[in-house]
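Thanks for coming, everyone. I have one structure to walk through today. Have a look at it first, and then we'll go through the helices and the surface.

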Amino acid sequence: MQIDLTSLPTQYFVLFVTFGIVIALGLFIVYQAYQGYRRNGNRRMVFLAIGLALITVASPLIAAFVALFGLPFGSDGDIYQFYMPLITSILDILGVGCILYSLSIRGES
């Protein structure tokens, strides 16, 4: 199936640009955290990177994917009103859990 980008509402372009900025900034922060892990061997940075990736990269990617492919495939409102918020909230909970765990690890492991 081919998606005609000119038929999408203008709000979707604003949405995709915003998602793109969030994802790009998130990837930069995750990369910096991973580099900190490689430089110091600190396990805290791995969990910080995973948590930030879940919050700033995975959640917007899921939302953008559903927004991009949900409209052309004529998905019902349950996808937008229940499943997408549920999945992104679960990813956010997992991400915050990883960040909290990274803050609670004692010592330089």
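One definition before we start: buried means under 20% relative accessible area, exposed means over 50%, and partly exposed is in between, with a 1.4 Å probe and protein chains only. By that scale phenylalanine 82 is partly exposed, because its relative accessibility is 45%.

Some ground rules. This is a predicted model, where local features need pLDDT of at least 70, side-chain atom pairs count only at pLDDT 80 or more, and totals for chains, interfaces and linings use all residues. Residues are numbered from 1 along each chain as its sequence is written, and side-chain values use heavy atoms, leaving out hydrogens and water.

Now the overall fold. The protein has 3 helices and 0 strands. From the N terminus on, the order is α-α-α. Helices here are DSSP runs of H or I with at least four residues, strands are runs of E with at least two, and both are numbered from the N terminus. Of the 109 residues, 28% are buried.

Start with H1, residues 10–40. H1 has 31 residues and reaches 45 Å from its first C-alpha to its last, close to the 45 Å expected at 1.5 Å a residue. The expected span is 1.5 Å times one less than the number of residues. Which residues of H1 are buried? They are Tyr12, Phe19, Ile23, Gly26, Val30, Ala33 and Gly36. After H1 comes glycine 41, with a positive phi near 70°.

Next, H2, residues 43–70. Alanine 64 sits there. Alanine 64 counts as buried, because its relative accessibility is 14%. Its C-alpha is 9.8 Å from that of threonine 18, and the two are 46 residues apart along the chain.

On to H3, residues 77–104. H3 has 28 residues and reaches 40 Å from first C-alpha to last, close to the 40 Å expected at 1.5 Å a residue. Where does H3 bend? At tyrosine 83, by about 35°, and proline 85 follows within four residues. That bend is the angle between axes fitted to the seven residues ending there and the seven starting there. Buried in H3 are Met84, Thr88, Leu91, Gly95, Cys98, Ile99 and Ser102. Leucine 103 also lies in H3, but leucine 103 is exposed, at 62% relative accessibility. The C-alpha atoms of leucine 103 and phenylalanine 47 are 8.9 Å apart, with their positions 56 residues apart along the chain.

Now the aromatics. Rings of Phe, Tyr and Trp (its six-membered ring) pair if their centres lie within 6.5 Å; planes under 30 degrees apart are stacked, over 60 edge-to-face, and the rest tilted. By this rule there are 3 aromatic pairs. Take tyrosine 34 and tyrosine 37: the centres are 6.2 Å apart and the planes are at 40°, so this pair is tilted. The two tyrosines are 3 residues apart in H1, so about one helical turn separates them. Phenylalanine 82 and tyrosine 83 make an edge-to-face pair, at 4.9 Å centre to centre and 80° between the planes. Tyrosine 83 is partly exposed, at 45%.

Last, the surface. Phe82, Tyr83, Leu86, Ile87, Ile90 and Leu94 form a nonpolar patch, with about 550 Å² of accessible area together. Patch residues have over 30% relative accessible area and no salt bridge (a side-chain nitrogen of Lys or Arg within 4 Å of a carboxyl oxygen of Asp or Glu). Like charges are joined within 9 Å, and nonpolar side chains (Val, Leu, Ile, Met, Phe, Trp, Tyr) within 5 Å. Areas come from the Shrake-Rupley method with a 1.4 Å probe; for residues, only the protein chains shown count as cover. Within the patch, isoleucine 90 is partly exposed, at 43%.
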